[in-house]
Amino acid sequence: MSKVNVAVIYYSMSGTNYELAKWAEEGAKELGADVRVLKVPELAPQAVIDGNDVWKETVDQTSHIAEATSEDLEWADAIIFSTPTRFGVMASQMKQFLDTQGGLWASGKTVNKVVSAMSSAQNPHGGQEATILSLYTAMMHWGAIIAAPGYSDPSIFAAGGNPYGTSVTVNQDGNMVEDVKDTVKYQAKRTVQVAQWVKKGK
């Protein structure tokens, strides 16, 4: 099958979605994909970040990760997004990144990108599914092909059974409640597989 390029694009304030992104990278690479793990630009003032120890530590620990660009999206055959929920929708940092891709969209370069999404929240019903769906709505406008996991693998049930994409609950100590590593890796592999089919079909 054709080798595919995968951009794993995330936003993370406390490190959870960065961890999800790294697991997605592992899964995609196991199928031979070329992978770029990228973060979206931060919008919060540095003074606000400095006032939150966990946030500041995450920013410092991920300073080596490149910021996603339109060129990365154009390069990618598949894109895996990972974002925390903010009042039931994607974080503003992720939305702002998507909103700046008008040029790419207008030139038709978002059409037939294979996409999938993941999310996190502090509560199981705190907007995890709605956040993923908010991102997929934008992807429909892009003309992208959504590769949702559905219930196509036992690992999905073990991680809480979200058919839209992997989602995880984060407790007050900042730890993931569900064991989602295998689910993330499976979702990444499924995304790569669908991208292989699309690329071969072209």
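## Asn17 and its surroundings

The side chains of Asn17 and Ser82 are joined by a polar contact of 2.7 Å. The model in which this pair occurs is a predicted one. Asn17 belongs to helix α1 and is buried, its relative accessible area being 2%.

Beyond the residues up to four places away in sequence, Asn17 touches Tyr10, Tyr11 and Ser12, then Ser82, Thr83 and Pro84, and finally Met118, Ser119 and Ser120. Ala130 stands 113 residues from Asn17 in sequence, and their C-alpha atoms are 16 Å apart in space.

## Overall form

The protein contains nine helices and seven strands. Its C-alpha trace spans about 50 × 40 × 30 Å along the principal axes. For 202 residues, a compact globule would have a radius of gyration near 17 Å, and the value of 16 Å for the protein agrees with this.

Of the 202 residues, 49% are buried. The exposed surface amounts to about 9,400 Å², of which carbon and sulfur atoms supply 52%. When contacts between residues at least 6 apart in sequence are considered, 78% of them join residues at least 24 apart.

## Nonpolar cores

The largest nonpolar core comprises 28 residues, and Val6 and Val8 have the most contacts inside it. Two or more residues of this core come from each of β1 (5-10), α1 (16-30), β2 (34-39), β3 (78-86), β5 (114-121) and α9. A second core, separate from this one, has 27 residues, including Ile49, Phe81, Met90 and Trp142.

With residues up to four places away in sequence set aside, the partners that Val8 touches are Ala21, Ala24, Glu25, Val35, Arg36, Val37, Leu38 and Ile80.

## The buried face of helix α5

Helix α5 covers residues 92-99, and its buried residues are Gln93, Met94, Phe97 and Leu98. Viewed down the axis of α5, these buried residues fall within an arc of 135°, so they line one face of the helix. An α-helix has 3.6 residues a turn, so residues three or four places apart point the same way. The cover over the buried residues of α5 includes β1, α4 (70-75), β3, β4 (89-90) and α7 (128-142).

## Side chains that reach backbone oxygens

Asn5 is part of strand β1. Its relative accessibility of 16% places Asn5 among the buried residues, because the limit for that class is under 20%. The Asn5 side chain reaches the backbone oxygen of Trp75 at 3.2 Å. Apart from neighbours within four places in sequence, Asn5 is in contact with Asp34, Trp75, Ala76, Asp77 and Ala78.

Thr183 is located in helix α9, which runs over residues 181-201. Thr183 is buried, with 5% relative accessible area, and its side chain reaches the backbone oxygen of Ser155 at 2.9 Å. Ser155 also appears among the contacts of Thr183 outside its neighbours within four places in sequence, together with Ile156, Ala159 and Thr166.

## Positive phi values in loops

Two residues other than glycine are described here for their positive phi: Phe87, with a value near 55°, and Asn112, with a value near 70°. Phe87 is situated in the loop between β3 and β4, and Asn112 in the loop between α6 (102-106) and β5.

Phe87 is exposed, at a relative accessible area of 89%. Asn112, by contrast, is partly exposed, at 33%.

## Val54 and Ser14

Val54 is found in helix α3, residues 53-61. With a relative accessible area of 44%, Val54 is partly exposed. Although Val54 and Ser14 are 40 residues apart along the chain, a distance of 5.8 Å separates their C-alpha atoms. Besides neighbours within four places in sequence, Val54 is in contact with Met13 and Ser14.

Notes
Residues are numbered from 1 along each chain as its sequence is written. This is a predicted model: local features need pLDDT of at least 70, side-chain atom pairs count only at pLDDT 80 or more; totals for chains, interfaces and linings use all residues. Side-chain values use heavy atoms; hydrogens and water are left out. Helices (H or I, at least four residues) and strands (E, at least two) are DSSP runs, numbered from the N terminus. Buried means under 20% relative accessible area, exposed over 50%, partly exposed in between (1.4 Å probe, protein chains only). A polar contact is a pair of N or O atoms within 3.5 Å; within protein, one must be able to donate a hydrogen and the other to accept it, and residues adjacent in sequence count only if both atoms are side-chain atoms. Contact means heavy atoms within 4.5 Å. A nonpolar core is a set of buried Ala, Val, Leu, Ile, Met, Phe, Trp, Tyr and Cys residues joined through side-chain atoms within 4.5 Å. The radius of gyration is taken over C-alpha atoms; the globule rule is 2.2 Å times the number of residues to the power 0.38. Accessible areas come from the Shrake-Rupley method with a 1.4 Å probe; for residues, only the protein chains shown count as cover. The arc is that of the directions from the helix axis to the C-beta atoms.
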